[in-house]
Amino acid sequence: VVLVSARFGKVEWFAAAYAGALPTGAFGHSHSGGFGFTLNYVGPKEVVCPGVGRGFVSRSLLDAESFDEAISTATTAKMSAGHNYQFWRSNIPTIHNVEVAARGLYAVRPISEEAFFHANQYETLNVPQMVGNSSLHRVARAKELLDEIAPTTTDALLRIIGDQGDRQWPIFHDAASHARGDLSLWTVCSVLVDLRA
């Protein structure tokens, strides 16, 4: 993973990129547009060709001139499959979860005081999807944690996204979790964005 800082005329942004891939596969922030986003893979069963690939959509989001334009781009891109985005606005603490599927289907969910956890499966948009054990276990574990921890502080949020309580399918995957029997992939990076700070 590399961090890319770029400027093209008036457009200025930084983003995480997997080496050899378009920015962004993880998170990005548009300085000129005043917004940022993270993203998650989802597995819709329907794929449409021709259609736009999620990597091209996430790269084009970095060129949007505003929070609203970024959401409009994500929801009108005529994607071939689907994706999940969490958009935030810098000047006004605002977060929207956006789930997109083929054929122009999408759901926009404003996030308020109630915690919302997403793990590679559609949570708001009702479309047929492929869901793996890792997602099912992480969502269930997050629900347990959210019932016992009030996620109102940075430490509480980090405790949840770093949790390894489910040994076979933990929320956070690393060398330690794999040594204890983790059956899933690896967490490449996590990011916490404090909109109030």
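These entries record what I looked up in this predicted model.

**Ground rules.** I numbered residues from 1 along each chain as its sequence is written, and I used heavy atoms for side-chain values, leaving out hydrogens and water. As the model is predicted, local features need pLDDT of at least 70 and side-chain atom pairs count only at pLDDT 80 or more, whereas totals for chains, interfaces and linings use all residues.

**Fold.** I found five helices and seven strands in the protein chain, taken as DSSP runs numbered from the N terminus (helices H or I, at least four residues; strands E, at least two). I read their order as β-β-β-β-α-α-β-β-β-α-α-α.

**Burial.** I noted that 41% of the 197 residues count as buried, that is, under 20% relative accessible area with a 1.4 Å probe, protein chains only.

**Main core.** I looked up the largest nonpolar core (buried Ala, Val, Leu, Ile, Met, Phe, Trp, Tyr and Cys residues joined through side-chain atoms within 4.5 Å). This core has 21 residues, and Phe35, Phe37, Leu61, Tyr85 and Phe87 have the most contacts inside it. I listed the elements that give two or more residues to this core: strands S2 (11-17), S4 (35-40), S5 (83-89) and S6 (94-100), with helices H1 (54-61) and H2 (67-75). The largest share, four residues, comes from H2.

**Tyr85.** Leaving aside neighbours within four places in sequence, I found Tyr85 in contact with residues including Leu39, Val57, Leu61, Ala74 and Val98; contact means heavy atoms within 4.5 Å.

**Second core.** Apart from the largest core I noted another, of eight residues, among them Phe117, Ala142, Ile149 and Ile171.

Definitions and conventions. Buried means under 20% relative accessible area, exposed over 50%, partly exposed in between (1.4 Å probe, protein chains only).
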